[in-house]
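Got your viewer open and a cartoon representation ready? Here's a short walk through the model, one selection at a time.

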Amino acid sequence: MKKLMILGILSMFIFYSCSTSNSVALDRSSQRDVRGTWNLDRVSYSENMVKVKAFDEYDAQCLKNSVWYFIANNNKGNFTLQGGNTCPALTQNFTWYIDKQNMLVLKLLNEGDRARKVTTGTTYLYEILSENEFKLSQVISGVTITYHFSKLASGKLK
């Protein structure tokens, strides 16, 4: 009986020490810094580009002058495209987080989507420039695309 108990405890120890965790190490400080309402002022490229699809859906230039709202306490938000030319006018919901490697992960949510069920997203390098500016960068086909944001309003509760 004693051997069986020791074997059981040893088995549980091995099982728990080898199990993987689905949790991501979040950077809560950066998430608090980005909360609020932001304007995406400009989109720049490391090389001349004709067209790049952001989120595999929108021409990256369509995001210029879009308004983004980041909610830090539940990691949700949305952005609004202004529309015009070939760009749609719409509001897109998303879920997001910033990990300890300063990567912002953003997943688009369609009507009725539950954030946990959405398994694909886009990863950006997050860089804070000041309390009123930040940028996101990503590499697509060897070209770095940088999205420059400026703060419109704070998301802090009063």
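The stops below go from the overall fold to single side chains.

**Stop 1: the whole chain.** Keep in mind that this is a predicted model. Show the strands as a cartoon and look for a closed barrel: eight strands, in the order 1-4-5-6-7-8-9-10, with antiparallel pairing. Neighbouring strands in this sheet are turned against each other by 35 degrees on average, ignoring direction. As a reminder, strands of a sheet pair through backbone hydrogen bonds, either parallel or antiparallel.

**Stop 2: residues 67-84.** This selection takes in strand 4 (residues 67-71) and strand 5 (residues 76-84), an antiparallel pair held over five bridges. Zoom in on Trp-68, whose bridge partner in strand 5 is Phe-79. Keep Trp-68 highlighted, as it comes back at the cavity stop. Now slide along to the turn: strand 4 and strand 5 make a hairpin with four residues between them. Which sign does phi have at Asn-75 in that turn? Positive, at about 55 degrees.

**Stop 3: residues 76-98.** Extend the selection to strand 6 (residues 87-98), and you get strand 5 pairing with strand 6 in the antiparallel sense over eight bridges. Leu-81 is the one to click here, with Leu-90 of strand 6 standing opposite. This hairpin has two residues between its strands, and Asn-85 in the turn has a positive phi as well, about 50 degrees.

**Stop 4: residues 122-140.** Jump ahead to strand 8 (residues 122-130) and strand 9 (residues 133-140), which are antiparallel partners over five bridges. Pick Ile-128 and look across to strand 9, where Phe-134 is its bridge partner.

**Stop 5: the cavity.** How many cavities of 30 Å³ or more does the structure hold? Just one, and the largest cavity has about 30 Å³ of space. To find it, show Leu-40, Phe-55, Leu-63, Trp-68, Tyr-124, Leu-136 and Tyr-147 as sticks, since those are its lining residues. Colour the lining by class and you'll see seven nonpolar residues, with no polar and no charged ones.

**Stop 6: Thr-146.** Finish in strand 10 (residues 143-154), where Thr-146 is found. Is Thr-146 buried or exposed? Its relative accessibility is 10%, so Thr-146 counts as buried, the cut-off being under 20%. Add Ser-137 to the selection and draw a distance between the two side chains: a polar contact of 3.5 Å joins Thr-146 and Ser-137.

Technical notes:
Residues are numbered from 1 along each chain as its sequence is written. This is a predicted model: local features need pLDDT of at least 70, side-chain atom pairs count only at pLDDT 80 or more; totals for chains, interfaces and linings use all residues. Side-chain values use heavy atoms; hydrogens and water are left out. Two strands pair if DSSP finds at least two bridges between them. Axes are lines fitted to C-alpha atoms, for helices over the stretch in contact, and angles run from 0 to 180 degrees between N-to-C directions. On a 1 Å grid over the protein atoms alone, a cavity is a set of points where a 1.4 Å probe fits but cannot get out, and a pocket is an open set with protein on both sides within 12 Å along at least five of seven lines; lining residues have an atom within 4 Å of a point. Grid points are joined across faces, edges and corners, and a volume is the space filled by probe spheres set on the points. Ala, Val, Leu, Ile, Met, Phe, Trp, Tyr, Cys and Pro count as nonpolar, Asp, Glu, Lys and Arg as charged, and the others, Gly among them, as polar. Buried means under 20% relative accessible area, exposed over 50%, partly exposed in between (1.4 Å probe, protein chains only). A polar contact is a pair of N or O atoms within 3.5 Å; within protein, one must be able to donate a hydrogen and the other to accept it, and residues adjacent in sequence count only if both atoms are side-chain atoms.
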